[in-house]
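Work through the following exercises with the sequence and the model at hand. Each task is followed by a solution in steps.

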Amino acid sequence: MGDQAPAALIEDLRSEIRQHDYLYYVRDAPELPDAAYDDLRRRLIALEEAHPHLVTPDSPTRRVGAPPSELFGSITHREPMFSLDNAESPAELIEWLGRAERYLERPVGGLVCELKIDGLAVSLTYEDGMLTKAATRGDGVTGEDVTATVRTIASVPLRLLGNPPTYLEARGEIYLPFEEFDRLNTRQQEAEARLYTNPRNAAAGSVRQKDPAITAGRNLAIWVYQVGYLEGGPDLATHSATLHWLGGLGLRVHPATEVVPDASSAIEVIKRVEKERNALPYQTDGVVIKVNDLSDQIWLGSTARAPRWAIAFKFPAEERTTRLNDIKINIGRTGAATPFAILEPVFVGGANVERATLHNEDEIRRKDLRVGDRVIVRRAGDVIPEVVGPITSARTGAEQPWEMPSTCPFCDAAIVRPEGEKVARCTRGLSCPSRLREWLFYFSSRSGMDIEGMGYQTIDLLVSEGLIEDPAGIFFLRPDHLMGREGWGDLSVNNLMEAINVARHRPIARLLAGLGIRHVGATMARLLAREFGSLEALADAGEETLAAVDGVGPVIAQSVTEWFSEEDNRRLLTRMGEAGVQLADPDRGPGSDQTLEGVSLVVTGSLSSMSRSEARQAVEARGGRLVSSVSKTTSALVAGEKPGSKLAKAEALGIPVIDESTLERWIEEGPGVLLNAAPLP
């Protein structure tokens, strides 16, 4: 008989515990007393200890115990995790729906209203029903691998119930209930550790713990709200049906989700939720409204940053009153002098606020803010502290008007406000310590070259020791520059050196964004990189050539031309090249073939000859685009191994379907090579 009896008993216990976990954590309807549930777990633990070869990764006993990781890895989402556009009034919501219906040329098939939970967005990947990966949203394309810590969250099933699909990436929001937040901060206070400012930050910090056992002790929870990617699943017609199906798999779907016919009904739901939000045991800052019909969602598609078929209605920010003790300025990477308020601490929107933005000098005058005023403070979008205005009736006469300082507090250079501009600027340039500090931080951040470990503390050390004086200096750092300094051992030094080495080979769009050229953010940097392929070609393009590029225009063209015309900037790029930084994308340079100019492709299934990111890089290097959703503007669908539901959607829309070998030939020769594809529309 061997292990047959214990194996069967172990599996029966696991199934029973999973069912009770589902009833307790997902349905909130336990059927078993705590003592009886604990007895089931003790029996399972004892059996697994007696038969360790029968232990499986999806056992309920495996939630805690993974060894702490040194660093979080990264996971590329099968489909981008978009953020949402916001509406802050009923008129904006109605306007959004009107745009969607004009795009569809017909009314939408109903709306779904969901609570907007204030937590950490994650994706959960299940393969054949088993949880294999969990990732944060990250930059929307790549997130942090938090599988080990997410496995400890009791409401995240390690194995799905029922008849799970072959592959499912579900999206959800991990949050910390208020009660658990208070308990956590009580423990932090007793340990004389840093207190968390709000439940959202506490949830994010808990998931990013290197030791999963710490995460397990914080009683996090999740609400799952969407399918990100699906293979081998049912043919679902609506978002509401999708949520019902996800709940049947054992995933925790919010019970307050409602389907309504139109915008006016959605507004009624929003009003009711706003009245009841303070009674909820967790933090919510709005209601998400989605088009219910999935075929409508496909037709609507997405912009570069957000789906057209969903919008977040944000509740008005919470407001409190406090005293404005002082006004100071910060000097940013562009030299902009931005005033900020020093406040008497006040608890608002779930966080203690001591500083708040004041935007610019004109805004202070417009609001007639004076040092010493009683002021109204709110957290805009429940995130950014903002001074709304003074309470003039509380003035005593001792309040003092504020003027922009004439000199920079960091370098003593003159602060000048150019005629016609709203922003005053430090005139010292990058020798201003504050401006240099902010530039180096921005250059190293995820918006730029994404150099992990290059935070403010490291930058302050390197600058104060004279080890770097511009971004190029980062790439000339050696281990002996840091080894032996306080807080710098073998591991931390090697990690930073490896992060710097990886950054040397990033696509030039990252470098362009990190350089901090005015008006050139991440999206414009990608456009310019795709158009010119190298910084040399971009520098030599000239203002007229740049302005003629679709999406650039004269203002950006002038800004880019002026940046490259400065000798210091040219020297900076020369030094980067000498340090081994990639200044041209592989296979891209002046005169390279743009075989996929104007072509928009979608990939479904897995590719054998290249990864999804490699395919994206190859397509974009040749002037094309690799997008996530099939729509009427898609040029062709690339069907790899085990294609998902996008294949049927493409066929229904009459979109040409090509295989991987055809994609490779398109990359080399262009879409005139069709093989098994129909002619492009």
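**Exercise 1: a salt bridge inside one helix**

E180 is buried, its relative accessibility being 12%; buried means under 20% relative accessible area, exposed over 50%, and partly exposed in between (1.4 Å probe, protein chains only). This is a predicted model, in which local features need pLDDT of at least 70 and side-chain atom pairs count only at pLDDT 80 or more, while totals for chains, interfaces and linings use all residues. Residues are numbered from 1 along each chain as its sequence is written, and side-chain values use heavy atoms, with hydrogens and water left out.

Task: Find which side chain meets that of E180 in a salt bridge, and state where both residues lie.

Solution.
- Step 1. The partner is R183, with an N to O distance of 2.8 Å. A salt bridge requires a side-chain nitrogen of Lys or Arg within 4 Å of a carboxyl oxygen of Asp or Glu.
- Step 2. Both residues belong to helix α5 (residues 178-190) and sit three residues apart, about one turn of the helix. Helices (H or I, at least four residues) and strands (E, at least two) are DSSP runs, numbered from the N terminus.
- Step 3. R183 has a relative accessible area of 39%, so this residue is partly exposed.

**Exercise 2: a second pair for comparison**

Task: Describe the salt bridge between E268 and K271 and the accessibility of E268 and of K271.

Solution.
- Step 1. The closest N and O atoms of E268 and K271 are 3.8 Å apart.
- Step 2. Helix α9 (residues 263-276) holds both residues, three residues apart, about one turn of the helix.
- Step 3. E268 is partly exposed because its relative accessibility is 48%. K271, at 44%, is partly exposed.

**Exercise 3: a salt bridge between separate elements**

Task: Determine which parts of the chain the pair E361 and R417 ties together.

Solution.
- Step 1. The side chains of E361 and R417 form a salt bridge, 3.7 Å from N to O.
- Step 2. E361 is in helix α11 and R417 in the loop between β19 (415-416) and β20 (425-426), so the pair links parts 56 residues apart in sequence.
- Step 3. E361 is buried at 11% relative accessible area, and R417 is partly exposed at 30%.
- Step 4. Salt bridges with shared partners join E11, R14, R18, E48, D58 and R159 into one network. The whole structure contains 36 salt bridges.
- Step 5. Helix α11 covers residues 361-367. Beyond four places in sequence, E361 is in contact (heavy atoms within 4.5 Å) with P339, W402, E403, M404 and R417.

**Exercise 4: a residue in a loop**

Task: Is A306 buried or exposed, and what does A306 contact?

Solution.
- Step 1. A306 is placed in the loop between α10 (294-300) and β11 (310-314).
- Step 2. Its relative accessibility is 0%, so A306 is buried.
- Step 3. Leaving aside neighbours within four places in sequence, A306 contacts F82, S83, L84 and D85.
- Step 4. The C-alpha atoms of A306 and D85 are separated by 6.2 Å, although the residues are 221 apart along the chain.

**Exercise 5: the nonpolar cores**

Task: Which residues have the most contacts inside the largest nonpolar core?

Solution.
- Step 1. A nonpolar core is a set of buried Ala, Val, Leu, Ile, Met, Phe, Trp, Tyr and Cys residues joined through side-chain atoms within 4.5 Å.
- Step 2. The largest core has 54 residues, and I451, F475 and L528 have the most contacts inside it.
- Step 3. Not counting residues up to four places away in sequence, L528 touches L512, V520, G533, L538, L546, V552 and V560.
- Step 4. Apart from the largest core lies another, of 35 residues, including V146, I153, A170 and V253.
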